[in-house]
Amino acid sequence: MHDIGEERFVTRLSQAARTHGVQLVLLLSACTLYLIHALYFWPQTIDDAFISYRFAENLANGLGPGYKPGDRYTEGFTNPLWTLLHIPSISAGISPLLTAKILGLAFGLATLILLNQFCSVIRDK
């Protein structure tokens with residue numbers, strides 16, 4: 001004989017498995033669509049990005065935060081963290097353009113994953 005409590009537990013467990021399965025399918029679908037979208041626009045680069053790359057290159061080469069070597073220290077960019085994130089890769093000889101595209105993909109996927117986790121927390125409350 002089955003206990004009523006045991007049946008409720010099994011029912012809740014199967015509902016939770018279905019819910020998590022649907023959520024996983026949605027997450028994978030969103031990530032796939034995001035990657036397709038990102039790959040479609042991969043060749044596109046906004047010209048303002050190169051201003052940040054120039055500042056990052058000068059900082060990486062020890063020339064200070066100027067657009068041209070020898071310039072006074074200026075802040076000619078509006079994204080200091082993004083600019084600073086490029087310095088290690090430039091120092092390693094990696095193109096800032098490639099770094100930006102990879103970081104953009106990584107941060108976009110991380111956003112989708114964190115959104116998924118947030119939805120799980122909200123749903124389980």
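Author: Helices here are DSSP runs of H or I with at least four residues, numbered from the N terminus. The model we're looking at is predicted. By that rule the chain has four helices and zero strands, and the order from the N terminus on is α-α-α-α.

Reader: Which residue follows α2, and what is its phi?

Author: G62 follows α2, and its phi is positive, near 75°. There's a glycine to look at after α3 as well: G93, just after that helix, has a positive phi of about 85°.

Reader: Back to α2 itself. How do you know that its length agrees with the expected span?

Author: Put the two numbers side by side. Twelve residues at 1.5 Å a residue should span 16 Å, and the end C-alpha atoms of α2 are 17 Å apart, so the two agree. Helix α3, residues 80-91, goes the same way: its twelve residues should span 16 Å and its end C-alpha atoms are 17 Å apart, so that agrees too.

Reader: And how far does α4 reach, set against what is expected at 1.5 Å a residue?

Author: Helix α4 covers residues 96-124, 29 residues in total, and reaches 41 Å from its first C-alpha to its last. The expected figure is 42 Å, so by the 1.5 Å rule the value is close.

Reader: What makes S95 a cap for α4?

Author: A side-chain oxygen of S95 lies 3.1 Å from the backbone nitrogen of L97. The cut-off for a polar contact is an N or O pair within 3.5 Å, so that distance qualifies. The end being capped is the N-terminal one.

Reader: Now burial. Why is N58 called buried?

Author: The cut-off is under 20% relative accessible area. N58 has 5%, so it counts as buried. This residue lies in α2, where S52, Y53, F55 and A56 are buried too. Leaving out residues up to four places away in sequence, N58 touches L63, G64, G66, Y67, K68 and P69.

Reader: What covers the buried residues of α2?

Author: The cover includes α3 and α4. Seen from α3, the buried residues there pack against α2 and α4. Those α3 residues are T83, H86, I87, S89 and I90.

Reader: How do you know that S89 belongs on that list?

Author: Its relative accessibility is 12%, which is under 20%, so S89 counts as buried. Setting aside neighbours within four places in sequence, S89 is in contact with I94 and T99. T99 is itself one of the buried residues in α4, along with P96, A100 and K101 among others.

Reader: Why is L115 called partly exposed?

Author: Partly exposed is the range between the buried cut-off of under 20% and the exposed cut-off of over 50%. L115 has 48%, so it falls in that range. The residue is in α4. L115 and L27 are 88 residues apart in sequence, with their C-alpha atoms 9.2 Å apart in space.

Reader: How is the packing of two helices described, and what are the values for α2 and α4?

Author: Packed helices are described by the angle between their axes and the distance between the axes. The axes of α2 and α4 come within 10 Å and cross at roughly 115°, and the crossing is right-handed. On the α2 side the residues are F50, Y53 and E57, which meet P96, L97 and A100 in α4. That contact divides into five nonpolar residues, no polar and one charged.

Reader: What makes the pairs of Q23 with N116 and with S120 polar contacts?

Author: The cut-off again is within 3.5 Å. The side chain of Q23 is 2.6 Å from that of N116, so that pair is inside the limit. For the side chain of S120 the distance is also 2.6 Å, so the conclusion holds there too. Q23 lies in α1, residues 4-40, and at 11% relative accessibility it counts as buried. Not counting residues up to four places away in sequence, Q23 touches N116, C119, S120 and R123. The C-alpha atoms of Q23 and C119 are separated by 9.1 Å, with their positions 96 residues apart along the chain.

Reader: And for the whole chain, how much counts as buried?

Author: Of its 125 residues, 21% count as buried. As for contacts with a separation of 6 or more, residues 24 or more positions apart account for 60%.

Notes: Residues numbered from 1 in each chain as written. Predicted model: local features only at pLDDT ≥ 70, side-chain atom pairs only at ≥ 80, totals over all residues. Heavy atoms only, no water. Buried < 20%, exposed > 50% of the residue type's maximum accessible area, 1.4 Å probe, protein only. Polar contact = N/O pair within 3.5 Å; in protein donor to acceptor, adjacent residues only side chain to side chain. Axes fitted to C-alpha atoms, helices over the stretch in contact; angles between N-to-C directions. Left-handed = near helix turned anticlockwise from the far one by under 90°. Contact = heavy atoms within 4.5 Å. Nonpolar A, V, L, I, M, F, W, Y, C, P; charged D, E, K, R; others polar.
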